[in-house]
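Trainee: I would like to learn how to read a protein–DNA model from its contacts. Could you take me through one, feature by feature?

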There are 2 protein chains.
Amino acid sequence: MGVVRNTKSVKLVNDLFNEIHSAIGVVELVEKFNGQMNKSTIYRILDRLEDEGRVHSFLGVNGLKHYAKCHDCSKSEHVDIHPHFQCTTCGKVECVSYEIKIPRLSNKKIEQAQLLLTGTCEVCLA
Amino acid sequence: MGVVRNTKSVKLVNDLFNEIHSAIGVVELVEKFNGQMNKSTIYRILDRLEDEGRVHSFLGVNGLKHYAKCHDCSKSEHVDIHPHFQCTTCGKVECVSYEIKIPRLSNKKIEQAQLLLTGTCEVCLA
DNA sequence: TTATTTTTGCGACTGAGTTGCATTAATTGT
DNA sequence: ACAATTAATGCAACTCAGTCGCAAAAATAA
């Protein structure tokens, strides 16, 4: 365990999440911070931020990991089950403020749910 | 395009999907048919079966591709948007017969939705 | 049966994500 | 402020799912 340190790289990643309000894929993050920090570092920072509950992760259409800052739900216990939307044209991914209803399944205990919506975003529709 | 040929390998894969009624990951399929057919062959057969609408695919919790035979919806135009359930204990994955409601997003056109439920299945609960 | 076209096997490859380890940087205690 | 401690980073090598090109084999059509 131990303390989480506020390193230069952590600050850079945090700053980015504060600027952008959409979600971002790890691949894009690696590209964006190319030269500033190592691939492994990014993966490790994201892991830590997620552990702390400062970001949440989910998989995009292609199964690639995406992260977004928890805006709506930062105070709560990080049990935000909201859908995510990915534009199949421009690739942009964002969180959707919409409460999804989880079906009850007989004899099964559902602990998590992730809903991924794909389609065309407002920019690409125009 | 051309005709889809009914090869020995295709038969084996079809037989398996008729036997099992749960979904199965590509990794498990590769393992299961190890010695009987090549990894690439499996991937290609699954691609073809999906093109034909005989199976559908989705991503499991770890982003790995899974396939299942379309039981409930084989006749329709393969627009089956049903959830999938994955047991985090035993790893089993299955289709869930439950109509999910897709939220309407302003200015966005949603074409697809995939809902993945994770938790503990009836066997592992006992 | 022969000609045509699709599938397969193989091996090499790609690309995301992980790991071990030595080095560097942040924190803690004095 | 400085030394000691402990966490984070860089690097390079690795794992593993999935893809690709191409020659050989198997299906279908003629």
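Mentor: Gladly! We start with what "near" means: a residue is near a strand if one of its heavy atoms lies within 4 Å of it. Keep in mind that this is a predicted model.

Trainee: Which residues come nearest to DNA strand D?

Mentor: There are 25 residues around DNA strand D, and those that come nearest are Arg5(A), Thr7(A), Thr41(A), Arg48(A) and Tyr43(B). On the DNA side, sugar and phosphate make up 63% of the atoms of strand D that come within 4 Å of the protein.

Trainee: Which parts of DNA strand D do individual side chains reach?

Mentor: For a polar contact, look for a pair of N or O atoms within 3.5 Å. The side chain of Arg5(A) has an N or O atom 2.6 Å from a base oxygen of DNA strand D. Thr7(A) offers a side-chain N or O atom 2.8 Å from a phosphate oxygen of that strand. From the other chain, Lys39(B) places a side-chain N or O atom 3.0 Å from a base oxygen of DNA strand D.

Trainee: Which helices supply the surface near DNA strand D?

Mentor: Helix 3 (39–52) of chain A, helix 2 (26–32) of chain B and helix 3 (39–52) of chain B each supply at least two residues. Helix 3 of chain A has the largest share, five residues. By class, the surface near DNA strand D consists of nine nonpolar, nine polar and seven charged residues.

Trainee: Now the other strand. How many residues surround DNA strand C, and which are the closest?

Mentor: DNA strand C is surrounded by 26 residues, the closest being Tyr43(A), Arg5(B), Thr7(B), Thr41(B) and Arg48(B). Of the atoms of strand C that come within 4 Å of the protein, 61% belong to sugar and phosphate.

Trainee: What polar contacts should I look at on DNA strand C?

Mentor: Try three of them. Ser40(A) has a polar side-chain atom 3.0 Å from a base oxygen of DNA strand C. In Arg44(B), a side-chain N or O atom is 3.0 Å from a base nitrogen of the strand. Asn38(B) takes part through its backbone, with a polar atom there 2.9 Å from a phosphate oxygen of DNA strand C.

Trainee: And which helix gives the most to the surface near DNA strand C?

Mentor: Helix 3 of chain B does, with five residues. Helix 2 (26–32) and helix 3 of chain A, along with helix 3 of chain B, each supply at least two residues of that surface. The surface near DNA strand C divides into nine nonpolar, 10 polar and seven charged residues.

Trainee: How do I read the relation between chain A and chain B?

Mentor: Superpose one copy on the other and look at the rotation and the shift. Here a rotation of 180° with 0.0 Å of shift along its axis brings chain A onto chain B, with an RMSD of 0.0 Å. The two copies are therefore related as by a two-fold rotation axis. The same surface serves both copies, as 100% of the contact residues of chain A recur in chain B.

Trainee: How much area is buried between chain A and chain B?

Mentor: About 2,500 Å², with carbon and sulfur atoms giving 62% of it. In chain A, Pro103(A), Lys108(A) and Gln114(A) lose the most area to chain B, together 20% of what that side buries. In terms of contacts, 32 residues of chain A meet 32 residues of chain B.

Trainee: Which salt bridges does Lys108(A) form?

Mentor: First the general idea: side chains of opposite charge can pair when their charged atoms come close. Lys108(A) forms a salt bridge with Glu94(B), the closest N and O atoms being 3.0 Å apart. That pair runs from the loop between strand 5 (93–95) and strand 6 of chain A to strand 5 of chain B. Lys108(A) also meets Glu122(B) in a salt bridge, at 3.3 Å from N to O. The count between chain A and chain B is four salt bridges.

Trainee: Which element has the largest share of the side of chain A that touches chain B?

Mentor: Strand 6 of chain A, with 12 residues. By class, that side of chain A has 16 nonpolar, 10 polar and six charged residues.

Definitions and conventions:
Residues numbered from 1 in each chain as written. Chains lettered and ligands numbered in written order. Predicted model: local features only at pLDDT ≥ 70, side-chain atom pairs only at ≥ 80, totals over all residues. Heavy atoms only, no water. Least-squares fit on C-alpha atoms with pLDDT ≥ 70 in both. Contact = heavy atoms within 4.5 Å. Polar contact = N/O pair within 3.5 Å; in protein donor to acceptor, adjacent residues only side chain to side chain. Helix = DSSP H or I, 4+ residues; strand = E, 2+ residues; numbered from the N terminus. Nonpolar A, V, L, I, M, F, W, Y, C, P; charged D, E, K, R; others polar. Buried area = accessible area lost by both parts, 1.4 Å probe. Salt bridge = Lys/Arg side-chain N within 4 Å of Asp/Glu carboxyl O.
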